[in-house]
Amino acid sequence: MKIGILTISDRASQGIYEDKSGPAIVACLQEMLSCEWAPVVRVIPDEQPLIETNLKELCDTEGCCLVVTTGGTGPAKRDVTPEATEAVCEKMMPGFGELMRAVSLKIVPTAILSRQTAGIRGKSLIINLPGKPSAIRDCLTAVMPAVPYCVDLIEGPYLTTHEAVVKAFRPKQ
């Protein structure tokens with residue numbers, strides 16, 4: 001199974017600085033997921049049409065059951081990741097963003113400035129994470145218990161986790 005990792009950063013996409021957020025997502029997912037998976041990694045600038053195109057390609061062409069973005073979720077003029085996500089999704093999943101902000105608020109008061117969200121496109125779950133690697137870990141740890149069941153519900157592949165790291169929740173049958 002494939003998981004899309006989309007870093008949205010003008011400077012990282014231009015090579016001005018190294019992308020640390022995308023690799024942080026990959027490292028977290030490697031620790032959390034016990035199933036076989038392959039990352040499909042992309043680094044692009046903060047341009048809404050480009051973000052939308054890449055989200056569509058990762059979901060529709062690459063067949064990623066999960067697409068995790070990083071960057072572009074703040075209040076700055078060029079932060080348009082949530083808008084791009086909403087534009088390509090059939091259903092929005094606001095609980096993901098609510099939980100990530102709640103977890104982040106315990107660490108930093110500026111978490112209220114984050115506009116992270118999540119949504120469903122076909123058989124893919126798209127989750128917007130912040131750009132800071134430590135915040136990525138906090139947010140992924142918070143939402144990952146719900147991710148495998150969400151992917152089940154949208155008819156994606158069966159994701160499993162390393163229960164010592166994060167325990168996936170699935171209702172008892």
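A residue counts as buried when its relative accessible area is under 20%, as exposed when it is over 50%, and as partly exposed in between. By this scale Lys2, at 33% relative accessibility, is partly exposed. The same scale is applied below to the structure, which is a predicted model.

The description may begin with the sheet. Six strands form an open sheet with mixed pairing, in the order 2-1-3-6-5-4. Its edges are occupied by strand 2 (38-44) and strand 4 (91-92); each has a single partner strand, so one side of each is left without a neighbour in the sheet.

Within this order, strand 3 is placed between strand 1 and strand 6. Strand 1 (residues 2-8) pairs with strand 3 in the parallel sense, over five bridges. Two of the residue pairs show the register: Ile3 has Leu66 as its bridge partner in strand 3, and Ile5 has Val68. Towards strand 6 (residues 124-129), strand 3 is again joined by five bridges, and these two strands run parallel. Here Leu66 stands opposite Leu125 of strand 6. Leu66 therefore has a bridge partner in strand 1, Ile3, and also faces a residue of strand 6, Leu125, while it is itself one of the five buried residues that leave strand 3 largely enclosed by the rest of the structure.

How many residues of strand 3 are buried? Five of the five, residues 66-70, are buried, so the strand is largely enclosed by the rest of the structure. The cover extends to both faces of strand 3: Leu66, Val68 and Thr70 are buried on one side, and Val67 and Thr69 are buried on the other.

Strand 6 is likewise mostly covered, with six of its six residues buried. Ser124, Ile126 and Asn128 point one way from this strand, whereas Leu125, Ile127 and Leu129 point the other way, and all of them are buried. Leu125, which stands opposite Leu66, thus belongs to the latter set.

The pairing sense differs at the next step of the sheet. Strand 5 (118-121) and strand 6 run antiparallel and are joined by four bridges. Ala118 has Ile127 as its bridge partner in strand 6. Strand 5 and strand 6 form a hairpin with two residues between the strands, and in this hairpin Gly122 takes a positive phi near 60°.

Attention may now turn to charged side chains. Side chains of opposite charge can pair when their charged atoms come close. In this model the count comes to 11 salt bridges. One of them joins the side chains of Glu62 and Lys2, with an N to O distance of 3.1 Å. Glu62 lies in the loop between helix 3 (48-61) and strand 3, and Lys2 in strand 1, so the pair ties together parts that are 60 residues apart in sequence. Glu62, with a relative accessible area of 25%, is partly exposed, and Lys2 is also partly exposed, at 33%.

A second salt bridge is formed by Asp10 and Arg78, whose side chains meet at 2.7 Å, N to O. Asp10 belongs to helix 1 (residues 10-13) and Arg78 to the loop between strand 3 and helix 4 (81-88), so this pair ties together parts that are 68 residues apart in sequence. Asp10 counts as buried because its relative accessibility is 19%, below the limit of 20%. Arg78, at 38%, counts as partly exposed.

Another salt bridge is that of Glu163 and Lys167, at 3.9 Å, N to O. Glu163 is exposed, with a relative accessible area of 54%, and Lys167 is exposed with a value of 54%. Elsewhere, salt bridges that share partners join Lys2, Arg42, Glu57 and Glu62 into one network.

Two further features involve rings and the nonpolar surface. The charged end of Arg170 sits over the ring of Tyr158, 3.8 Å from the ring centre. How many aromatic pairs does the structure hold? The number is zero.

On the surface, Leu105, Ile112 and Leu113 make a nonpolar patch of about 290 Å². Leu113 lies in the loop between helix 5 (94-105) and strand 5. With a relative accessible area of 44%, Leu113 is partly exposed.

How values were computed: Residues are numbered from 1 along each chain as its sequence is written. This is a predicted model: local features need pLDDT of at least 70, side-chain atom pairs count only at pLDDT 80 or more; totals for chains, interfaces and linings use all residues. Side-chain values use heavy atoms; hydrogens and water are left out. Patches are made of residues with over 30% relative accessible area and no salt bridge: like charges are joined within 9 Å, nonpolar side chains (Val, Leu, Ile, Met, Phe, Trp, Tyr) within 5 Å. Accessible areas come from the Shrake-Rupley method with a 1.4 Å probe; for residues, only the protein chains shown count as cover. A salt bridge is a side-chain nitrogen of Lys or Arg within 4 Å of a carboxyl oxygen of Asp or Glu. Buried means under 20% relative accessible area, exposed over 50%, partly exposed in between (1.4 Å probe, protein chains only). Rings of Phe, Tyr and Trp (its six-membered ring) pair if their centres lie within 6.5 Å; planes under 30 degrees apart count as stacked, over 60 as edge-to-face and the rest as tilted. A charge sits over a ring if NZ of Lys or CZ of Arg is within 6 Å of the ring centre and within 35 degrees of the ring normal. Two strands pair if DSSP finds at least two bridges between them.
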